[in-house]
Amino acid sequence: GHFSEPEFKKLTNWMLDEFKNEGVRIDKVYYCPHKPGDNCDCRKPKIGMFFNAVADFGISLSDSWLVGDDEKDVIAGSEANIKTIKLGTGMPPKLKLEPNFYAKDLQEAVDIILA
């Protein structure tokens with residue numbers, strides 16, 4: 001709800017160009033175009049997008065990492081058996097769920113994954 005779909009695609013294309021300029025390859029961007037009340041299977045914390053990636057690339061979820069800045073990212077990763085890194089600080093205590101790691105920024109997350 002923060003962007004229209006055309007705005008999101010424009011931002012995504014810019015982001016992909018920036019990553020490419022830095023030598024980073026991104027094979028595909030997955031996103032949910034639905035509203036929260038649509039009850040789709042792809043809006044986090046549901047894990048439909050992860051199953052799409054498995055179908056597209058044959059990846060192993062248990063060998064994968066999810067880096068995110070929202071509690072929904074950690075919930076989705078946990079549901080899909082993906083190792084999680086939360087950017088920033090803690091999770092709400094009521095969830096009784098923690099990521100595998102915390103990182104202050106994307107570079108620290110990369111360092112954790114590569115270690």
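Phe 8 counts as partly exposed, at 24% relative accessibility. The model is a predicted one. Within it, Phe 8 and Tyr 31 form one aromatic pair, and a search of the whole structure finds two such pairs. The same kind of search gives four salt bridges. An open sheet of three strands, in the order E1-E2-E3, is paired in parallel.

**Aromatic pairs**

- The rings of Phe 8 and Tyr 31 are tilted, with 4.7 Å from centre to centre and 45° between the planes.
- Phe 8 belongs to helix H1 and Tyr 31 to the loop between H1 and H2, so this pair links distant parts of the chain, 23 residues apart.
- Tyr 31 is partly exposed, at 29% relative accessibility.
- Trp 65 and Phe 101 have ring centres 5.9 Å apart and planes at 35°, so this pair is tilted.
- Trp 65 lies in strand E1 (residues 65-68) and Phe 101 in strand E3 (residues 101-103); the two are 36 residues apart, and their pair links distant parts of the chain.
- Relative accessibility is 28% for Trp 65, which counts as partly exposed.
- Phe 101 is also partly exposed, with a relative accessible area of 37%.

**A charge over a ring**

- Lys 83 places its charged end over the ring of Trp 65, at 5.3 Å from the ring centre.
- Strand E2 covers residues 83-87 and is joined to E1, the strand that holds Trp 65.

**Salt bridges**

- Side chains of opposite charge can pair when their charged atoms come close.
- Glu 5 and Lys 9 meet through their side chains in a salt bridge, at 3.8 Å from N to O.
- Both residues are in helix H1 (residues 5-21), and because they are four residues apart, about one helical turn separates them.
- Glu 5 is partly exposed at 35% relative accessibility, and Lys 9 is partly exposed at 41%.
- Lys 28 forms a salt bridge with Asp 56, in which the closest N and O atoms are 3.0 Å apart.
- Lys 28 is in the loop between H1 and helix H2 (48-57), whereas Asp 56 is in helix H2, so the pair ties together parts that are 28 residues apart in sequence.
- Lys 28 has a relative accessible area of 42% and is partly exposed; Asp 56 is partly exposed at 40%.
- Asp 73 and Lys 44 make a salt bridge between their side chains, at 2.4 Å from N to O.
- That pair links distant parts of the chain, with Asp 73 in helix H3 (residues 71-79) and Lys 44 in the loop between H1 and H2, 29 residues apart.
- Asp 73 counts as buried because its relative accessibility is 6%, under the cut-off of 20%.
- Lys 44, its partner, is partly exposed, with a relative accessible area of 34%.

**Sheet and packed helices**

- Strands of a sheet pair through backbone hydrogen bonds, either parallel or antiparallel.
- E1 and E3 are the edge strands, each pairing on one side only.
- Neighbouring strands of the sheet are turned against each other by 25° on average, direction ignored.
- E1 and E2 run parallel and are joined by four bridges.
- Ile 85 in E2 is the bridge partner of Val 67.
- Helix H3 packs on the sheet and touches E1 and E2, with its direction at about 175° to that of E2.
- Helix H4 (residues 106-114) lies across E1, E2 and E3 and runs at about 145° to E3.

Key: Residues are numbered from 1 along each chain as its sequence is written. This is a predicted model: local features need pLDDT of at least 70, side-chain atom pairs count only at pLDDT 80 or more; totals for chains, interfaces and linings use all residues. Side-chain values use heavy atoms; hydrogens and water are left out. Buried means under 20% relative accessible area, exposed over 50%, partly exposed in between (1.4 Å probe, protein chains only). Rings of Phe, Tyr and Trp (its six-membered ring) pair if their centres lie within 6.5 Å; planes under 30 degrees apart count as stacked, over 60 as edge-to-face and the rest as tilted. A charge sits over a ring if NZ of Lys or CZ of Arg is within 6 Å of the ring centre and within 35 degrees of the ring normal. Two strands pair if DSSP finds at least two bridges between them. Axes are lines fitted to C-alpha atoms, for helices over the stretch in contact, and angles run from 0 to 180 degrees between N-to-C directions. Contact means heavy atoms within 4.5 Å.
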